[in-house]
Amino acid sequence: MTIDQDGITDNSNATSVGLIEWGDITDIGTVQVASTKILMLETDKPDKYIEQAKNGISKRAMKANHKMYGSPLSIISNSLKIKYDDLEKLIREEFEKRKKKKRHHIE
């Protein structure tokens with residue numbers, strides 16, 4: 001996983017789509033399934049990312065996530081070398097920075 005000025009490039013699980021652009025993320029939430037916490041990246045462009053799915057199974061999983069949790073974009077820290085809370089804090093901080101910059105460009 002890479003977090004940079006463009007967005008979050010995630011290749012950590014079956015439903016990963018590569019680059020998720022900061023401008024496409026509208027909010028960040030958490031879902032817990034059994035003992036696993038999942039970071040949900042809310043987007044106003046769900047179809048863009050569902051279409052980028054690597055295969056039919058991933059596409060169906062992303063559609064199911066979108067229906068159940070409101071977003072097809074999820075990040076699970078289990079396969080990463082970072083604790084969930086640290087990952088969530090890092091992504092939230094970067095998201096807030098980008099949101100502030102976006103507001104300045106509009107003004």
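Strands E4 and E5 form a hairpin with 2 residues between them, and in the turn Ala 34 has a positive phi of about 55 degrees. The model in which this hairpin appears is a predicted one. The turn residue invites a pause, for Ala 34 takes this positive phi although it is not a glycine. Most residues other than glycine have a negative phi. Ala 34 sits in the loop that leads from strand E4 (25–33) to strand E5 (36–43). With a relative accessibility of 73%, over the 50% cut-off, Ala 34 counts as exposed.

The two arms of the hairpin run antiparallel and are joined by 8 bridges. One of the pairs links Gly 29 to its bridge partner in E5, Met 40. Strand E5 also pairs with strand E6 (residues 73–76), again antiparallel, through 4 bridges. Here Leu 41 has Leu 73 of E6 as its bridge partner. Pairing of this kind is made through backbone hydrogen bonds between the strands of a sheet.

A further sheet is found among the strands E1, E2 and E3. These 3 strands form an open, antiparallel sheet in the order E1-E2-E3. Strand E1 (2–3) and strand E3 (18–21) each have a single partner strand, so these edge strands are left with one side that has no neighbour in the sheet. Between E1 and strand E2 (residues 7–10), the antiparallel pairing consists of 2 bridges. Thr 2 is matched in E2 by Thr 9, its bridge partner.

Stepping back to the whole chain, the secondary structure comes to 3 helices and 6 strands. Read from the N terminus, the elements follow the order β-β-β-β-β-α-α-β-α. The chain has a radius of gyration of 13 Å, close to the 13 Å given by the globule rule for 107 residues, so it is as compact as a globular protein of that length. Along the principal axes, the C-alpha atoms fill a box of roughly 40 × 30 × 20 Å. Of the 107 residues, 39% count as buried. Contacts between residues at least 6 apart in sequence were also examined, and 54% of them join residues at least 24 apart.

Two helical residues add some local detail. Arg 98 lies in helix H3 (residues 84–106). Its relative accessibility is 17%, and because the cut-off for burial is under 20%, Arg 98 counts as buried. Leaving aside residues up to four places away in sequence, Arg 98 touches Asp 4, Gln 5 and Trp 22. Ala 61, by contrast, belongs to helix H2 (residues 56–69) and is partly exposed, at 29% relative accessibility. The C-alpha atom of Ala 61 is separated by 8.0 Å from that of Pro 72, which is 11 residues away along the chain.

Finally, the interior was searched for enclosed space. The count comes to 1 cavity of 30 Å³ or more, and the largest cavity holds about 30 Å³ of space. Its lining is made up of Asp 10, Thr 15, Ser 16, Val 17, Ile 20, Leu 73 and Ser 74. By class, these lining residues divide into 3 nonpolar, 3 polar and 1 charged. Leu 73 thus appears in two roles: this residue lines the largest cavity and is the bridge partner of Leu 41.

Methods:
Residues numbered from 1 in each chain as written. Predicted model: local features only at pLDDT ≥ 70, side-chain atom pairs only at ≥ 80, totals over all residues. Heavy atoms only, no water. Buried < 20%, exposed > 50% of the residue type's maximum accessible area, 1.4 Å probe, protein only. Contact = heavy atoms within 4.5 Å. 1 Å grid on protein atoms, 1.4 Å probe; cavity = no way out; pocket = protein on both sides within 12 Å on 5 of 7 lines; lining within 4 Å. Points joined across faces, edges and corners; volume = space filled by probe spheres on them. Nonpolar A, V, L, I, M, F, W, Y, C, P; charged D, E, K, R; others polar. Pairing = 2+ DSSP bridges. Rg over C-alpha atoms; globule rule 2.2 N^0.38 Å.
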